Amino acid sequence: MPLLEQGFPVADRFVPVADDAPLPDAPAIVSLARLQREAEALAGRNVALGVQVASTTKPEDLAPLLDRVALLVVEFPKFRDGRGFTIARTLRERYGYTGEIRAVGHILPDQYAFLVRCGFSSVAVPEAADLSVWAAALGRFHVAYQAAVDAAPVVSGLRRRLALG
Amino acid sequence: MDIAESAIALPVAATTRAGIYHYDEYDREFLRERVAEFRDQVERRLAGALSEDEFKPLRLMNGLYLQLHAYMLRCAIPYGVLSSEQLRQLAHIARTYDRGFGHFTTRQNLQFNWIKLEEAPDALAALAEADLHALQTSGNCIRNVTTDEFAGAAADEVVDPRVYAEILRQWSTLHPEFSYLPRKFKIAITGAQNDRAAIQVHDIGLLAKRGPNGEAGFEVWAGGGLGRVPIIGTKLRAWLPEPEFLSYMEAVLRVYNALGGRENIHKARIKILLRDLGAARFTELVEREFATLPREKFRLDPAVVAAIRAHFAPPAFLALPEAAEVLARQVAADTAFADWVAHNTHPHRQPGYISAVISLKPIGGIPGDASAAQMDAVAELADRYSFDEIRVTHVQNLVLPHVRQDELFAVWRALDALGLATANIGTVTDIIACPGLDYCALANARAIPVAQLLSERFADLRRQYDIGPLTLNISGCINACGHHHVGAIGILGVDKKGEEFYQITLGGSAGNDAAIGEIVGPAVPYDAVVDAVETIVHTYLAHRQAGEAFLAAYRRLGVAPFKEALYAIA
């Protein structure tokens with residue numbers, strides 16, 4: 001699946017690994033259960049590690065793992081399930097996580113700017129996706145009315161000048 | 001002048017502009033981008049790139065519903081405040097894109113019931129021309145904020161709630177974290193001693209008040225609501241300082257977004273989460289979130305509040321030492337005018353002025369409906385008599401907020417000529433009714449014809465005045481858009497094997513003494529509902545003590561005498 005960063009397709013250096021498969025000597029994405037179960041063994045590896053979490057995950061449960069993961073993959077089971085926005089934002093703002101946060105699952109281009117403003121760095125889009133629609137959606141709005149994770153400068157009152165796409 | 005007020009003293013004391021939030025280049029740019037986005041989404045839908053399932057929440061967040069016969073466009077009237085120019089534009093849209101009328105709602109919005117999907121982007125563009133939109137009037141997001149229809153005018157006001165309602169409107173607009181909530185989210189705010197915004201039956205209810213040094217702050221309620229599970233809200237905070245306003249809103253919404261139910265649509269509102277967790281646990285979670293979120297980032301700068309307050313600066317009121325006397329003479333000389341003044345006005349904070357309520361409840365009419373011609377005419381009256389301002393009330397009427405007392409007679413004459421001077425505000429014919437089965441895809445039963453029949457039954461004004469203050473609210477289904485739970489008499493349409501039945505509740509209130517009405521007994525069929533209400537009213541009249549209003553009498557008597565009167569005959 002194409003991976004987008006700031007509206008552009010980028011190569012995905014991570015490979016997802018099933019719970020019962022051996023870890024490759026390359027950046028891998030494991031489940032939260034595996035990360036918790038094999039915490040010590042995984043901590044000894046010298047390659048980047050990613051973890052994939054469900055939208056029901058509590059950010060406070062991820063907090064102790066954050067210094068060990070370079071990538072946090074947040075699942076959107078349905079585009080209407082907005083819990084992922086809160087997960088990303090809490091990790092950025094409360095726990096100061098600076099690694100990559102990626103959105104996967106059922107996501108609409110119309111949500112792309114929200115993802116970025118909540119602290120997501122990348123989004124996996126469907127194979128057949130029209131990437132120009134995603135890029136356009138990211139750059140659609142130039143004004144926002146509230147503070148978010150992005151450091152959009154305040155222009156007047158509550159309004160901020162966005163430069164997302 | 002207290003410390004807090006002097007710190008934000010305005011360069012000008014009064015303005016000649018209507019007391020609405022006036023858009024600048026940033027707001028207009030944003031709205032243009034939003035209209036363009038929606039035009040795009042409609043094209044993607046028509047081209048098949050978006051499924052109906054995917055398109056639905058997108059159109060809903062632009063106010064577009066699919067109803068029984070057509071699309072309905074619900075235009076936001078932020079906190080019920082309109083300039084005359086905006087009302088004229090709404091009239092224009094009614095003529096151009098609808099069938100020449102609009103329907104004012106219990107959320108102080110305006111609905112057009114006959115919109116074509118392919119014309120919807122043009123209708124939104126027409127709204128944007130008048131700095132209006134239909135943003136977040138539907139969908140699982142933070143909805144249009146509602147407030148007191150007499151804000152900035154009422155004699156009993158402590159803090160002007162429009163300032164904070166506008167701050168909430170801006171903050172909640174396309175909120176990146178809170179646009180895909182478990183369910184819709186409604187915020188109401190009042191700043192007066194008498195709650196006219198029903199804050200105890202909202203997802204969040206706010207009472208703006210003053211601290212010991214005159215500074216503004218808020219009492220915060222949450223978890224109230226009507227619908228299938230009516231619940232009176234819980235007070236989370238007796239005092240929230242103004243600078244922390246948005247931080248605390250973020251905290252409440254974040255707890256709700258993370259933990260609110262998403263499996264069952266009927267258990268997804270914040271009231272269910274609060275009920276299930278318990279008030280103490282819920283409050284603890286909110287306070288913990290509040291304590292840990294980056295408060296500096298959300299801190300409300302006094303300069304920002306002052307800049308927004310400047311939009312709501314008082315109009316250029318005149319000293320009118322004779323006005324009250326002129327009005328008193330005219331009242332004494334004309335009984336019909338006296339009736340209207342007694343029922344359809346509200347005391348103004350400025351000597352010599354008064355707020356006038358325009359009843360959209362003519363006898364036998366459709367509650368909340370106004371024709372394009374009426375909208376234009378009201379806009380003209382606002383230009384001439386009320387500093388270009390109009391308000392929409394949550395009981396589906398309009399208000400001219402700032403009328404000179406010595407011009408009130410002229411206003412009344414003009415309204416009378418338009419069929420807009422029914423002197424029934426607060427009486428049994430000032431009925432709230434949802435669109436019901438005549439329009440709504442969710443309804444189980446008709447609401448509008450029931451309202452019309454009841455209005456006709458109680459048409460006699462003298463009888464209405466004898467009955468006294470009585471709220472009568474009708475919903476066509478359990479979703480309770482007609483607020484039946486908080487009517488002194490509430491009527492809920494239900495479907496029994498394909499037939500329309502109506503369940504009657506008594507004793508509800510949305511004010512300071514908020515209460516959920518109690519079911520009086522088995523539902524009655526369509527043909528019996530008007531007689532049933534009349535029986536209830538008769539029972540009240542027979543039992544009331546001198547000067548005792550319906551609600552007070554009901555609270556003293558309980559349900560028993562009403563139940564007996566209703567069902568003994570059957």
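# A tour of chains A and B

Select Val81(B) first: its bridge partner in E14(B) is Arg391(B). You are looking at a predicted model.

**The sheet around Val81(B)**

Now select both strands, E3(B) and E14(B), the latter spanning residues 389-392. They pair in the antiparallel sense, over three bridges. Widen the selection to the whole sheet. It is open and has five strands, in the order E3-E14-E15-E12-E11 of chain B. The pairing is antiparallel. Which strands form the edges? They are E3 (81-83) and E11 (345-347) of chain B, and each pairs on one side only. Look along the sheet and compare neighbouring strands. On average they are turned by 30° against each other, direction ignored.

**The helix across it**

Next, select H4(B). This helix lies across E3 and E14 of chain B. Its direction is at about 90° to E3(B).

Keep H4(B), residues 84-97, and add H14(B), residues 372-385. Two packed helices are described by the angle between their axes and the distance between the axes. Here the angle is about 170° and the axes are 8 Å apart. Angles over 145 degrees count as roughly antiparallel, so H4(B) is roughly antiparallel to H14(B).

Show the side chains at this contact. From H4(B), pick out Leu87(B), Leu90(B) and Ala94(B), which are among the residues that make it. From H14(B), the residues include Met375(B), Val378(B) and Ala382(B). By class, the contact has nine nonpolar, one polar and four charged residues.

**The domains of chain B**

Zoom out and colour chain B by domain. Domain 1 covers 25-129, domain 2 covers 143-311, domain 3 covers 323-417 and domain 4 covers 432-568. Focus on domains 1 and 2 of chain B. Their centres, taken over C-alpha atoms, are separated by 26 Å. Eight residues of domain 1 are in contact with 10 residues of domain 2. On the domain 1 side, four of the residues are nonpolar, three are polar and one is charged.

**Two loops with a positive phi**

Most residues other than glycine have a negative phi. Two stops in chain B go the other way.

Select Gln108(B). Its phi is positive, about 60°, although it is not a glycine. It sits in the loop between E4 (101-104) and E5 (110-115) of chain B. Is Gln108(B) buried or exposed? It is buried, because 26 other C-beta atoms lie within 10 Å.

Move on to Ala198(B). Here phi is positive too, near 60°. The residue is in the loop between E7 (187-190) and E8 (204-210) of chain B. Ala198(B) counts as buried because it has 24 C-beta neighbours inside 10 Å.

**Where the chains meet**

Show both chains. Contacts link 33 residues of chain B to 28 residues of chain A. Which elements of chain B give two or more residues to this side? They are H2 (25-46), H3 (52-60), H6 (161-172), H7 (245-259), H10 (295-298) and H11 (302-311). H2(B) gives the largest share, six residues. The chain B side divides into 17 nonpolar, eight polar and eight charged residues.

**Last stop: Arg92(A)**

Finish in chain A. Select Arg92(A), in helix H4 (residues 83-93) of that chain. Arg92(A) is buried, with 21 other C-beta atoms within 10 Å. Leaving out residues up to four places away in sequence, Arg92(A) touches Tyr97(A), Gly119(A) and Val149(A). Add Phe120(A), 28 residues from Arg92(A) along the chain. The C-alpha atoms of Arg92(A) and Phe120(A) are separated by 9.2 Å.

Technical notes
Residues numbered from 1 in each chain as written. Chains lettered and ligands numbered in written order. Predicted model: local features only at pLDDT ≥ 70, side-chain atom pairs only at ≥ 80, totals over all residues. Domains from an automatic or database assignment. Contact = placed C-beta atoms within 7 Å. Nonpolar A, V, L, I, M, F, W, Y, C, P; charged D, E, K, R; others polar. Helix = DSSP H or I, 4+ residues; strand = E, 2+ residues; numbered from the N terminus. Buried ≥ 20, exposed ≤ 12 C-beta atoms within 10 Å, placed from the backbone. Axes fitted to C-alpha atoms, helices over the stretch in contact; angles between N-to-C directions. Parallel < 35°, antiparallel > 145°, perpendicular 65-115°, else oblique. Pairing = 2+ DSSP bridges.
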